[in-house]
Amino acid sequence: MQVLKFGGTSVANAENIRKVSAIIQEVIKKDRAIIVVSAFGGVTDLLLQSGELASHMDEGYKEKLRIIEKRHLETVKGLLPVVQQSSVLSWVKKSCNEIEDICNGIFLLGELSARTRDRIVSYGELMSSQIISAYMNSAGLVNTWKDARELIVTDSNFGGAAVDFIATNKKINQYFSGNNNLLYIVPGFVASDGNGTTTTLGRGGSDYTGAILAAGVYADVLEIWTDVSGMMTADPRLVSNVRQIPHISYQEAMELSHFGAKVIYPPTIQPVMTKKIPVWIKNTFAPGDYGTMIESDAKENGNIIRGISSINKIVLLSLEGSGMVGIPGFSKRLFEALASEKINVIIITQSSSEHSICVGIEENASVKAKEVVDKAFAYEIETGRVDPLIVEKNLAIVALVGDHMKSHTGVSGKMFGSLGRNGVNIRAIAQGSSERNISAVIASEDVKKAINVLHEEFFETTYKQINLFIAGVGNVGSRLLAQLEQQKDYLQHHLRLQVRVIAMANSRKMVFNDDGIDLKTWKQSLENGDQMNLQRFLGIIHSKNLRNSVFADVTANNTLAECYDQLLQKAISVVACNKVACSSSYDYYKKLKDLSREYNAPFLFETNVGAGLPVIGTLNDLLRSGDKVNRIEAVLSGTLNFVFNNYNGEKSFAEIVRQAQDEGYTEPDPRLDLSGTDVMRKIMILARESGEHLEMDQIENRSFMPASCMEGDVANFYKEMARHEAHFKNIYNGAASANMKLKFVAKYENGKASVGLQHIDSKNDLYHLYGKDNVVLFYTDRYTEQPLVVKGAGAGAEVTASGVFADIVRTASV
Ligand code: ADP
Ligand code: ASP
Ligand code: MG
């Protein structure tokens, strides 16, 4: 015998039922079969809603019942030839009238008992099974309809009745051994108690009906036909890259379903497991897919973890108090109190101090739980030995499941490490001694992120996803987007990285797309976006709560730089080409560095000094390996270098500065470059990175600019420079006549930093520096005589974008 169960979606309408029928046609070629069916998809909910509305004296229940009746009548009409319809139609009408009668009664009394609720909801499976049976008979699949209430005996715990297996197996045995029919159709979910009153097996209980029957008849297989191709490594509604699990052990399947994998109702496994009946999960809509085989010795698949699941709407109950230490019986009393109200405990943790015991239960039982536990410990609470029960809401459980965890170290390290890096706070942890499951209680709002983080960590050898938020899509930002688009395949194939741009903004507009903004058409998307609002932009980054979130600041904006702390605190990495944050007060710079360390969220700003050149990275590597920086000498302004390399008195100084701005080397405000402020910021950042506590006003700046150039706006700046052409020519001639070059040099030594224009002779390391190049000389304990030199283009949109790009990629390796 084989038992097949078809779920709600599989029998949702006439078209699907035909698919089911085709599957059954095939399977009965092999052996006799019992077919268990659910209510048509959505009908159970509608029935429950009808009862609920009626009990609140809301006439809306009538509309619900009308919808239910219409669905069933239409399905009959869509399935059966007209001549065979009448008896089924009248049976459906009769059933619907009965439901209405019951609801009318509820409406009048304003009261709905659990017993009556079971009665109402049972019609879903009763009607669907009758219709399917009639259709299959009409299609030549001769079958016997058998009421599950005559086979499955339960207690009277309505809504989730417990099966009396002895009585049930006896009935199943009697019935099926006395019958030799080929095909039986049985309604799932429903049963009856010792008095013959209708009960139900709990939501999703048709799976259980299948298992009870399969165990009762010692079936060769139980097939669960549903709308997915088997059990997946995680809930496909939460994770997009889930994988099918072809083989899984009974215990693993039980753990996964217990912790929320809805594809199979948790009690289903027990009856079939004891009889070693394999359970095969198959997809009604893709019968060719292998699905999942649940069996005793499931094949290994090379993964330590078999799957990840989650349950939402959990509350954590904590019983605490100094009076609990060393006194036996507290937990017993806690669990007894909960059991007395039939409150199911999902997770338990107790610290070794025995000072507190903590259990996770479903949220809807929390009020009752608080009541019974406080009552049970009333005396201890009054005498101050135990505190009143603490109830924490809005929590969820995520669980990793796998038989092979026990033979592997480092699983929980990996689990908690990856969650921590993504700012997921863990409220409680449980690992059974079977080591088949590690579960953690986290905030509900973090569930989706947590499941995705864990899935990526344990299953996605394919790639890791970075979720990027970009502020600033001007000169550098647009190059960055072009580079990201161009490197997409390389990142995926060589680094196994996928960078998805979730949001971008400029000063006017912002746009979001959870699936990633198409980088070929980002300009139009941004134009069509919303008006930019920084607080909203940041708010959305927080609320999206995506794993591996990176915020890239490609602006020179002050306000943005003031928000990095908010991001790092949420474990969102920050990549800044914007220098404002690192060159603001030392306290803020330090705060950001500390937050980055505390939340394990990289804060990277390589492009703050020397654009794409590896200056800060090199400095950090020196320090990390134990070297000490004694002196830094550098030419750090691409703009000033360009200006002094090109100025020889032929074109005016102002014109050369204008050219530098037009070619994109200057800061958005060129005065920051010409005044030396930008170089001061850079040498300060290098000094700070070397461990120096330095502020801007401690840096000496020997400016070569006439003061009047810096008074007023940018237009005035150019005007004044033109007026002072003789001054600049003078500076130039002074150097040229001595065969020297002019370089704006930054220095850091003995805790002091300075910037200023210098005459450089041809023997100097700084002499051979062309175009917009930068050079940094590091004199350290290891590089004493000859410095370590980093040299190359130190400005320009393309190289700066590439530096930002490299930082973004670097966040993924943390
Ligand atoms: P049926 O009505 O056939 O009983 P259910 O809706 O009860 O179907 O269960 C199937 C659904 O379970 C799938 O559509 C899927 O969205 C959900 N699901 C949750 N977790 C998992 C998982 N780990 N693997 C497969 N499906 C899952
Ligand atoms: N129809 C019931 C429910 O929706 C039982 C089932 O489909 O398994 O919960
Ligand atoms: Mg189900």
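Here are three short exercises with worked solutions on this predicted model.

**Exercise 1. The overall build**

Task: Work out how the protein chain compares with a compact globule, starting from its secondary structure.

Solution:
- Step 1. Begin with the inventory: the protein chain holds 29 helices and 30 strands.
- Step 2. Now turn to the radius of gyration, which is 36 Å, while the globule rule gives 28 Å for 814 residues. The value for the chain is well over that of the rule, so the chain is more spread out than a compact globule.
- Step 3. Set the dimensions beside this: along the principal axes, the C-alpha atoms fill a box of roughly 115 × 70 × 55 Å.
- Step 4. Finish with burial. Of the 814 residues in the protein chain, 54% are buried, where buried means under 20% relative accessible area.

**Exercise 2. Strand 28 and its partners**

Task: Find which strands pair with strand 28, in which direction they run, and how enclosed strand 28 is.

Solution:
- Step 1. Locate strand 28 at residues 752-760.
- Step 2. Look at strand 26, residues 700-702, which runs parallel to strand 28 and is joined to it by three bridges. Here Arg702 stands opposite Gly756 of strand 28.
- Step 3. Move on to strand 27, residues 741-749. This strand is antiparallel to strand 28, with nine bridges between them. One pair to check is Ala746 with its bridge partner Val755 in strand 28.
- Step 4. Inspect the turn. Strand 27 and strand 28 form a hairpin with two residues between the strands, and Asn750 takes a positive phi near 50° there.
- Step 5. Count the burial: seven of the nine residues of strand 28 are buried, so this strand is largely enclosed by the rest of the structure.

**Exercise 3. The surroundings of ligand 2**

Task: Describe the shell around ligand 2, its polar contacts and how much of its area the protein buries.

Solution:
- Step 1. List the neighbours: Ser38, Thr44, Glu125, Phe189, Arg203, Gly204, Gly205 and Ser206 surround ligand 2.
- Step 2. Sort them by class, which gives one nonpolar, five polar and two charged residues.
- Step 3. Pick out polar contacts to oxygen atoms of the ligand. The side chain of Arg203 brings an N or O atom to 2.6 Å from an oxygen atom of ligand 2. For Ser38, a polar side-chain atom lies 2.9 Å from a ligand oxygen. Ser206 uses its backbone instead, with an N or O atom 3.0 Å from an oxygen atom of ligand 2.
- Step 4. Close with the area: ligand 2 taken alone exposes 260 Å², and the protein buries 87% of that.

Note on methods:
Residues are numbered from 1 along each chain as its sequence is written. Chains are lettered from A and ligands numbered from 1 in the order in which they are written. This is a predicted model: local features need pLDDT of at least 70, side-chain atom pairs count only at pLDDT 80 or more; totals for chains, interfaces and linings use all residues. Side-chain values use heavy atoms; hydrogens and water are left out. A residue is near a molecule or strand if one of its heavy atoms lies within 4 Å of it. A polar contact is a pair of N or O atoms within 3.5 Å; within protein, one must be able to donate a hydrogen and the other to accept it, and residues adjacent in sequence count only if both atoms are side-chain atoms. Accessible areas come from the Shrake-Rupley method with a 1.4 Å probe; for residues, only the protein chains shown count as cover. Ala, Val, Leu, Ile, Met, Phe, Trp, Tyr, Cys and Pro count as nonpolar, Asp, Glu, Lys and Arg as charged, and the others, Gly among them, as polar. Buried means under 20% relative accessible area, exposed over 50%, partly exposed in between (1.4 Å probe, protein chains only). Helices (H or I, at least four residues) and strands (E, at least two) are DSSP runs, numbered from the N terminus. Two strands pair if DSSP finds at least two bridges between them. The radius of gyration is taken over C-alpha atoms; the globule rule is 2.2 Å times the number of residues to the power 0.38.
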